[in-house]
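Hi,

Here is the structure I said I'd pass along. Have a look at it first, and my notes follow underneath.

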Amino acid sequence: MRFRAASDSALLVYLGDEISLKVHRRVLALLQILQRERPGWLTNLQPAYCSLLVSFDPLQIDHSGVEVAVRELASHLLETRLSAARLIEIPVCYGGEFGPDLQEVAALHGLPAQRIVELHSSRTYHAYFLGFAPGFAYLGDLADEIATPRLATPRKIVPPGSVGIAGKQTAVYPFATPGGWRLIGRTPLRVFAAEREPMEMITIGDKVCFRAVSAEEFRVLESP
Amino acid sequence: MTSLLVESPGLLTTVQDLGRPGFGARGISPSGAADPVALQLGNSLVGNAPGAAALEMTLMGGNFILSEPTAIALAGSDFGATLDGQALDTWRSYSVAAGEKLRIGSTRSGARCYLCVAGGIQVEPFLGSASTHLVSGLGGFAGRSLRKGDLVKIRDAATTFVERALSSTTLRILQPRKVVVRVTDGPQFDLFSAESVRSFYESEFRVTEESNRLGLHLEGPALKSTLQQEMITEGVTLGAIQITLSGQPIFLFVEQQTTGGYPKIANVISADLFRIGQLRPRDNIRFERVSFAQARAAWLELRQLLASGDTLFA
């Protein structure tokens, strides 16, 4: 475990230095321990691939105090049983107007578009963390054959529900935001809904798979 | 119930309070007032709790009419406001009669001015806060900035008001000190060469037009990190100064993304974050490096000032 001050009120805790399920399980375990213990000085937790950003009230504790507390809690890391992962299935209509970058992705890899769809929808992904925007889950890992760099120029607006890929990650855009990931499809489901509990369709630690649907099925699922 | 009619909304006017911290694991940044010190003082002037919801106006105010007699205060930058043609001072509360026309003009100093109304603005809270999160269209008034014709509800307040103003001592402490922003070392400070660090602390940077509530983009000498490969994405803090591939800094601000993959050279101290909220495009700033102990002392001083009750006022 490595510690680094991020600001006058936050400490980064690194639990490894690679993107892997092994390291991420440690992140998840430490997150769950801190969420359970809720120390009085804690103001926010931001997990990622191999780190947990721990924010604190600087009038109650300092960086070394947080480090001591985290080390103490982390001694239970190995005994911590992670809550069971849920499996979320997301229907996606690939290509066409819903996935404007599918053809280009296929061309980049010298594969038929149908093969890209098969590769994307035949895997179960791990939700590493939520970031970027409310409900935006970073899912990995993509098959090596379809790992694709981001667009050189991000789109100003990505339609909500768009399914994008970037590097070895994939995600569903919850809101109409700018975005640089390549769009290969779209889901009719609402990824984030403030009136729903839980609001986010995917949470950290979930298992996620995609199911290819036709444009007709998309319309049916979309209607309320 | 009192309501506020929006005759014209100004450039970008949103409902804000002190935000909703603590939801990072769900990808939700806190949002909240860009200048929380102005918001808290403005609320104190009209007898509200410091974190009551108010209108945050950006660069240019709007025209508003209140339906019932009440009290208001303008806090933050001076936007040249009038009430039925009479000039209003910033940092002072006024009684307002029903139907009087409140006109708020363009900025004469910084980026933001807060209109605080006695009782505070009433909207459906989202995760415990009235703050508008523009990117996701959540919170605030219908999740968006105000438009002409909107009718905003005001909570009931006490019926007697004391007009009051901030003391000259308080005002002196809050004097715009925009030129120098105090920072502590960021988590990737070690990845910047001595020359880049020197250049960061010795140069002036200019705020660009791209700046908004998500982040402020700066323009200055290009800074280089010694990073050989892409960084693994990690959690990022409010006020983090990340250096993009072009070598230009970006401050992450109240509606920031919660994770990011650029190296951070420094982070604005908690006590100076509210000053960032008053920076306008084309303002020039410099950075001053301080220790965590100094940052904490400055934060304690600001918190004590805000909690000092009646001594804040003239």
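Let's start with chain B: what is the order of the strands in its open sheet of seven strands? Going across, the order is E7-E6-E9-E4-E1-E12-E11, and the pairing is antiparallel. Strands E7 (86-87) and E11 (121-122) of chain B are the edge strands, each with pairing on one side only. Keep in mind as you read on that this is a predicted model.

If you want to zoom in on one pairing in that sheet, try strand E4 (residues 63-66) of chain B against strand E9 (residues 101-104) of chain B. The two run antiparallel and are joined by three bridges. One residue pair to click on is B:Ile65, whose bridge partner in E9(B) is B:Lys101.

Now over to chain A, which is divided into domain 1 (2-74) and domain 2 (87-222). Their C-alpha centres are 29 Å apart, and the contact takes seven residues from domain 1 of chain A and seven residues from domain 2 of chain A. On the domain 1 side, helix H1 (residues 21-37) of chain A gives the most, with three residues. By class, that side of domain 1 of chain A has six nonpolar residues, one polar and no charged.

Within chain A, I spent some time on strand E4 (51-56). E4(A) is mostly covered, with six of its six residues buried. A:Ser51, A:Leu53 and A:Ser55 point one way from the strand, while A:Leu52, A:Val54 and A:Phe56 point the other way, and all are buried. So much for burial; here is how E4(A) pairs:

- With E2(A), E4(A) pairs in the antiparallel sense over five bridges; A:Leu12 has A:Leu53 as its bridge partner in E4(A).
- With strand E3 (residues 42-47) of chain A, E4(A) is also antiparallel, joined by five bridges. Here A:Leu42 has A:Phe56 as its bridge partner in E4(A).
- E3(A) and E4(A) form a hairpin, with three residues between them.

Next up is helix H2 (residues 63-74) of chain A. H2(A) has 12 residues and reaches 16 Å from its first C-alpha to its last, close to the 16 Å expected at 1.5 Å a residue. Which residues of H2(A) are buried? They are A:His63, A:Val66 and A:Val70. Seen down the helix axis, the buried residues of H2(A) fall within an arc of 60°, so they line one face of the helix. On the other side of H2(A), A:Ser64, A:Val68, A:Arg71 and A:Glu72 are exposed.

What covers that buried face brings both chains into the picture. From chain A, the cover includes strand E1 (2-7), strand E2 (10-14) and strand E4 (51-56), and from chain B it includes helix H5 (292-306).

That takes us to the interface between the chains, where 33 residues of chain B are in contact with 37 residues of chain A. On the chain B side, the elements that give two or more residues are strand E16 (234-235) and H5 of chain B. H5(B) provides the largest share of that side, six residues. Sorted by class, the side of chain B that touches chain A has 14 nonpolar, 15 polar and four charged residues.

If you open one view to begin with, I'd suggest H2(A), with H5(B) of chain B among the elements covering its buried residues.

Cheers

How values were computed
Residues numbered from 1 in each chain as written. Chains lettered and ligands numbered in written order. Predicted model: local features only at pLDDT ≥ 70, side-chain atom pairs only at ≥ 80, totals over all residues. Helix = DSSP H or I, 4+ residues; strand = E, 2+ residues; numbered from the N terminus. Expected span 1.5 Å × (residues − 1). Buried ≥ 20, exposed ≤ 12 C-beta atoms within 10 Å, placed from the backbone. Arc of directions from axis to C-beta. Contact = placed C-beta atoms within 7 Å. Nonpolar A, V, L, I, M, F, W, Y, C, P; charged D, E, K, R; others polar. Domains from an automatic or database assignment. Pairing = 2+ DSSP bridges.
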